[in-house]
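Please open the model in your viewer and keep the selection tool at hand. The stops below follow one another as selections, each with a note on what is there.

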Amino acid sequence: GGLVAGMVSVGGLTRLTRSGLSMTDWKLQGGLPPTNRAEWEREFARYKLYPEWQQRQSMTLDEFKYIYAWEYGHRMLGRVVGLAFGLPLAYFWSKGRLTPWLKPRALGLLGLGGAQGLIGWWMVRSGLNKDLLPDRQKQDVRVSPYRLATHLTMAFITYSGLVWCGLEQLGGQKAIGAGLQHAAKLTPVARGAACLTLVTAISGAFVAGNDAGMAFNVWPYMVDDRDVGGEATFVPPDLLELRPLWRNMFENTACVQFDHRMLAYATALSGTGLFALARSGAWHALPIATRRFVAAGALAVVGQASLGVATLLYVVPIELAAAHQAGAIALLTCALGSAHSLA
C-alpha cells in the first residue's frame, strides 16, 4: 500500500513537471536509460517527432534529461511495485500461508496492478497523437483527461483494495455494548464519507487533465471582478457551454473546477460531520482504532481542503499541488480506516 501511495505521488509529480510524454515508446520489461550523449541525442530526436515538441521548441538537452528522468523513474517504480507484491505473493501461496478469503483478492489486486501499466501507456499514447485528444485540447497538447482519470481511478481503487485487505488481515477490536449502537449510527456516514473522498479525488484527475486549476484562481468565489467594478459570483459563466451537456463535466474548465469544489465541500462536511457525530454519542465506547481514524480523518479533510485552496490561489505551484495529491491519499486512508473499523 505504501509503495502504491508513493507511486501515485511520483505520478503526480511526473504530470506536474510535464514529463509524461518524454518517453515515446513502452516495453513490458523496461530497459536502461540513455547512458551517453549520442544515446541522449537520439532519444531527444525521437521526442521531437511528436506533437508536444511543437510547444516546447526552446527545450535544451539538459531540460529533456530532467523530464525524461521523471517519466523513467515513474515507470520503473511501477515495475518495482509489481515485483514487491508479486514475489511475496508467489512465495506465501506456495507455502500455503494464504487463506481462501485472501487468495482471489490478492490475485485481483495483482491483476489491477498489471493492468495499470497498460492503462498508463494507453494514456500516454493519447498525448502522442493529436487525433486521440478532445477538440478543445488539440492546441495545447497533453494526455486525454478521460484516460488520465482512468489511470488515476485505477490507482486509487488498487490502493483502496490493498488498504482494505490489510485491515481485514490485521483484524482489530469491534464495538460492544453502547459502542455497538453508536457504531451502527456512524457506519453509513463513514461509508458515505469514504465514497465521497474517492469520487472527489477522481474529479481531481479531470481538474488536472484540463489544467482547470490554472483558471478561476480566487476563493470562495469562482469569479471576483469587484476590483474592476464587476461582480463576484460562486457560479462561473459558461458553466454548460458544451454540447452535449455531459461533456461539460469532463472537458469544460469552468464546470470541471466547479464540480471539484462542490465535491470537496461535501467531502469536508462528511469528514468533519462524522467526527462531530461520533463525539456526540458514546465516543469512548467505540474501538480505539475507530476513534483514531475518525479524528485523523477530520484533521486530514481540513488540511486537504486548505491545501486545495492554497494550490488554487497560488496558481498550482508544484510543491503545493504535489502535497494536495498526497493529501488525497492520506484522507482516503483515514476514510477507509473509519469505514472498516465500523463495519
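Begin with the lining of the largest cavity in this predicted model, which by class holds ten nonpolar residues, six polar ones and no charged residues. To find the place, select Ala-193, Gly-271, Gly-297, Leu-331 and Ala-335, which lie nearest the centre of the cavity among the 16 residues that line it. Two or more lining residues are given by each of the elements α6 (178–209), α8, α9 and α10, and the largest share, five residues, comes from α9. The volume of this cavity is about 100 Å³, and a search of the whole structure finds one cavity of 30 Å³ or more.

Next, select helix α9 itself, residues 288–313. How far apart are its end C-alpha atoms? They are 38 Å apart, which agrees with the 38 Å that its 26 residues should span at 1.5 Å a residue. Within the helix, colour the buried residues, which are Thr-290, Val-294, Gly-297, Ala-298, Ala-300, Val-301, Gln-304, Thr-311 and Leu-312. Gly-297 thus appears in this buried set as well as among the residues nearest the centre of the largest cavity. If you then display α8 (253–280) and α10 (318–341), you will see two of the elements that cover the buried residues of α9. Before leaving, step just past the end of α9 to Val-315, where the backbone takes a positive phi of about 60°.

From there, move to Asn-248, which is placed in helix α7, residues 248–251. Is this residue buried or exposed? Asn-248 counts as buried, because its relative accessibility is 0%. Show its side chain together with the backbone of Glu-241, and a polar atom of that side chain will be found 3.1 Å from the backbone nitrogen of Glu-241. Expanding the selection to its contacts, and leaving aside neighbours within four places in sequence, brings in Leu-239, Leu-240, Glu-241, Leu-242, Cys-255 and Val-256.

Val-235 is the next selection, in the loop between β2 (232–233) and α7. With a relative accessible area of 43%, Val-235 is partly exposed. Drawing a distance from its C-alpha to that of Ala-38 takes you across the model, since the two residues are 197 apart in sequence and 53 Å apart in space.

For the next stop, select Asp-25, Lys-27, Leu-32, Glu-43 and Tyr-68, which lie nearest the centre of the second largest pocket, among the 18 residues that line it. This pocket has a volume of about 320 Å³. Which helix supplies the largest share of its lining? That share, five residues, comes from α3, while α2 (37–47) and α3 (61–94) each supply at least two residues. Colouring the lining by class will show eight nonpolar, two polar and eight charged residues, whereas the lining of the largest cavity has no charged residues.

Finish on Arg-75, which also lies in helix α3. Its relative accessible area is 12%, and Arg-75 is therefore buried. Apart from neighbours within four places in sequence, the residues in contact with Arg-75 are Met-23, Asp-25, Trp-26, Trp-121 and Val-124. Of these contacts, Asp-25 is one of the residues already selected near the centre of the second largest pocket, so that keeping both selections on screen links the last two stops.

Notes: Residues are numbered from 1 along each chain as its sequence is written. This is a predicted model: local features need pLDDT of at least 70, side-chain atom pairs count only at pLDDT 80 or more; totals for chains, interfaces and linings use all residues. Side-chain values use heavy atoms; hydrogens and water are left out. Helices (H or I, at least four residues) and strands (E, at least two) are DSSP runs, numbered from the N terminus. The expected span of a helix is 1.5 Å times one less than its number of residues. Buried means under 20% relative accessible area, exposed over 50%, partly exposed in between (1.4 Å probe, protein chains only). Contact means heavy atoms within 4.5 Å. A polar contact is a pair of N or O atoms within 3.5 Å; within protein, one must be able to donate a hydrogen and the other to accept it, and residues adjacent in sequence count only if both atoms are side-chain atoms. On a 1 Å grid over the protein atoms alone, a cavity is a set of points where a 1.4 Å probe fits but cannot get out, and a pocket is an open set with protein on both sides within 12 Å along at least five of seven lines; lining residues have an atom within 4 Å of a point. Grid points are joined across faces, edges and corners, and a volume is the space filled by probe spheres set on the points. Ala, Val, Leu, Ile, Met, Phe, Trp, Tyr, Cys and Pro count as nonpolar, Asp, Glu, Lys and Arg as charged, and the others, Gly among them, as polar.
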